[in-house]
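This report is meant to be read with the sequence and the coordinates at hand. The sheets come up before the ligand surroundings, and the local backbone features and the cavity follow.

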Amino acid sequence: MDATTAPHRIPPEMPQYGEEHHIFEMMQTLLEQLLIHQPKEPISFMIEHLQRNNDNVPKIVILGPPASGKTTIAMWLSKHLNSNLITKDNLIEEEFSHQTEDVKNYYQMTKTVPNELLMKMIQTRLNESDCIKRGWILDGIPETREQTLMIQSAGVNPKHVIVLNAPDMVLIERNLGKRIDPNTGEIYHTTFDWPHDVDIQKRLTIPEGISEVETAQKLLEYHRSIIRIIPSYLKVLKAISADQPCVDVFYQALTYVQSNQRSNAPFTPRVLLLGPLGSGKKLQAGLLAQKYNLINIPDSVIMKVLSQRLKQQDAIKNGWVLHGFPCHLDQARMLDSVGYKPNRVFFLNVPLDTIVERLTLRRIDPVTGERYHLMYKPAPTMEIQARLLQNPKDMEENVKAKIDLFYRNCTELEEFYEDAITLNGDQDPYTVFEYIESGIINPLPKKIL
Ligand SMILES: Nc1ncnc2c1ncn2[C@@H]1O[C@H](COP(=O)(O)OP(=O)(O)OP(=O)(O)O)[C@@H](O)[C@H]1O
Ligand SMILES: Nc1nc2c(ncn2[C@H]2C[C@H](O)[C@@H](COP(=O)(O)OP(=O)(O)O)O2)c(=O)[nH]1
């Protein structure tokens with residue numbers, strides 16, 4: 001095949017660079033914003049968008065029925081993420097702060113603003129520098145499908161939408177105990193969240209609209225509207241039960257908003273399976289190679305051969321799964337130094353006695369070469385059983401020595417691969433495989449700060 005017809009050689013650095021710098025996601029967001037805003041000067045629009053550099057700030061919407069805890073969770077998230085809490089109340093407050101008192105009171109009382117005005121207030125607020133720099137959390141907005149479509153057409157795309165839910169009776173009962181601190185706007189509850197500070201206790205007020213009848217009415221309106229809002233956010237939505245303690249709701253919400261959404265970026269798995277002898281690395285590597293057409297690189301391959309193998313087109317194009325290597329920190333550094341960085345690292349954790357049982361009971365039929373396992377795959381006949389042999393490396397003392405060596409090097413490897421995922425390898429092989437698969441196709445979870 002001459003050079004003109006040879007497949008285009010993709011240098012291994014290219015896909016790695018694109019992944020490390022999220023180039024695909026950056027281009028995708030730029031394209032979305034250009035098509036939504038259709039600026040007269042696309043170049044200057046793109047420059048300004050890129051200079052904003054705010055693709056990674058929180059952009060969160062919290063929806064849910066009355067008393068589900070939207071404001072509570074939104075407040076806690078905005079504090080924890082140092083982001084901006086945006087509610088209809090504070091938008092109205094801001095918008096009408098310069099208006100006369102009676103106009104402001106009218107809107108405070110009715111809590112209704114025309115959709116167009118609400119959209120204008122939202123766009124103005126989200127374009128303010130603090131929202132650009134630190135992101136935003138919309139609490140209870142949008143309330144209707146019309147508002148949802150207006151928000152989307154204005155280019156306001158949340159990265160995470162949380163929908164709280166709980167049985168109506170729980171919410172009606174809960175709302176009766178709602179109390180508000182007029183000084184700080186903080187929300188409390190007579191049963192579930194009573195303030196320790198006596199001064200706060202004394203000044204708490206009962207908010208409007210929390211009677212059983214009023215809450216029931218709001219629930220009716222909510223159930224009618226939420227089913228028309230959800231279809232717009234299916235890809236970024238997570239439902240969380242609000243019928244549990246606030247702090248549990250908060251941690252589920254925080255974990256979700258700190259997770260990266262699956263992007264459409266082309267992803268070439270470069271997988272490293274680490275674990276002691278007998279933890280299942282070879283078996284899982286075989287399953288991954290088979291299902292995803294990855295290049296299976298067994299641990300016998302050493303550095304020189306390894307780098308020759310990893311730079312071949314099939315390894316760059318399909319990706320690879322390496323197992324049993326590196327065994328210690330120096331090998332990990334060598335692999336890193338030749339530029340082959342795994343983008344998924346898994347440690348298979350298996351108790352010692354399980355490993356000993358898996359390996360020391362392995363046998364081989366010297367006549368057919370068939371492999372057996374005295375417990376998991378016994379020989380079919382007494383004749384074969386009688387002639388089975390054990391590989392010397394599967395003798396218990398040899399197995400334990402190799403496992404001990406691995407564990408002595410394991411800590412340094414775990415520190416080196418700080419994004420590694422540790423899995424329980426002491427399960428059915430296909431259960432282990434599903435965990436590995438999920439770790440590969442989903443973005444790496446962010447560590448909760
Ligand atoms: N998971 C929870 N368990 C128990 N009480 C909660 C929970 N979440 C919130 N609360 C309490 O329920 C009341 C309503 O909470 P919050 O105001 O945050 O809900 P909301 O969805 O914003 O309500 P609304 O939409 O009516 O303003 C408050 O007193 C709050 O302390
Ligand atoms: N029950 C169970 N057994 C497993 C699993 N993975 C591998 N095994 C069995 C198959 C082999 O006989 C033995 C060692 O597996 P291996 O994949 O060669 O381990 P490794 O030395 O490559 O880490 O353990 C597994 O996930 N579950």
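What follows describes a predicted model, taken region by region.

**The two sheets**

One open sheet is built of 5 strands in the order 2-3-1-4-7, and the pairing within it is parallel. Strand 2, covering residues 84-86, and strand 7, covering residues 237-241, form the edges of this sheet, each of them pairing on one side only. Between neighbouring strands of this sheet the turn is 20 degrees on average, with direction ignored. At one edge, strand 2 is joined to strand 3, residues 136-139, by 3 bridges in the parallel sense, and within this pair Asn 84 stands opposite Trp 136 of strand 3.

Another open sheet, also of 5 strands, follows the order 9-10-8-11-14 with parallel pairing. Here the edges are strand 9 (295-297) and strand 14 (421-424), each of which pairs on one side only, and the twist from one strand to the next averages 20 degrees. Strand 9 runs parallel to strand 10, residues 320-323, and 3 bridges join the two; Asn 296 has Val 321 in strand 10 as its bridge partner. As general background, the strands of a sheet pair through backbone hydrogen bonds, either parallel or antiparallel.

**The ligand surroundings**

Ligand 1 is surrounded by 19 residues, and the closest of them are Lys 70, Thr 71, Thr 72, Tyr 188 and Gln 244. For ligand 2 the surrounding residues number 16, with Gly 278, Lys 281, Lys 282, Leu 283 and Gln 427 the closest. The table sets out polar contacts to the two ligands, giving for each the kind of atom on either side.

| Residue and atom | Ligand atom | Distance |
|---|---|---|
| Ser 68, backbone N or O | ligand 1, oxygen | 3.2 Å |
| Arg 174, polar side-chain atom | ligand 1, nitrogen | 3.5 Å |
| Ala 242, polar backbone atom | ligand 1, nitrogen | 3.3 Å |
| Ser 279, backbone N or O | ligand 2, oxygen | 3.1 Å |
| Gly 280, backbone N or O | ligand 2, oxygen | 2.9 Å |
| Gln 427, backbone N or O | ligand 2, nitrogen | 2.7 Å |

Gln 427 is thus among the closest residues to ligand 2, and a backbone N or O atom of Gln 427 lies 2.7 Å from a nitrogen atom of that ligand.

**Local backbone features**

The peptide bond that joins Ile 141 and Pro 142 is cis, with omega at about 5 degrees, and Pro 142 belongs to the loop between strand 3 and helix 9 (145-153). A cis peptide bond also leads from Phe 325 to Pro 326, with omega near 0 degrees; Pro 326 has its place in the loop between strand 10 and helix 17 (329-337). Gln 38, a residue other than glycine, has a positive phi near 40 degrees, and Gln 38 is located in the loop that connects helix 2 (23-37) with helix 3 (42-52).

**The cavity**

The count of cavities of 30 Å³ or more comes to 1, and the volume of the largest cavity is about 80 Å³. Its lining is made up of Pro 12, Pro 15, Gln 16, Thr 268, Arg 270, Leu 310, Ala 315, Ile 316, Trp 320 and Tyr 340. Helix 1 (13-20) and helix 16 (313-318) are the elements that give two or more residues to this lining. By residue type, the lining divides into 7 nonpolar, 2 polar and 1 charged.

Note on methods
Residues numbered from 1 in each chain as written. Chains lettered and ligands numbered in written order. Predicted model: local features only at pLDDT ≥ 70, side-chain atom pairs only at ≥ 80, totals over all residues. Heavy atoms only, no water. Pairing = 2+ DSSP bridges. Helix = DSSP H or I, 4+ residues; strand = E, 2+ residues; numbered from the N terminus. Axes fitted to C-alpha atoms, helices over the stretch in contact; angles between N-to-C directions. 1 Å grid on protein atoms, 1.4 Å probe; cavity = no way out; pocket = protein on both sides within 12 Å on 5 of 7 lines; lining within 4 Å. Points joined across faces, edges and corners; volume = space filled by probe spheres on them. Nonpolar A, V, L, I, M, F, W, Y, C, P; charged D, E, K, R; others polar. Near = heavy atom within 4 Å. Polar contact = N/O pair within 3.5 Å; in protein donor to acceptor, adjacent residues only side chain to side chain.
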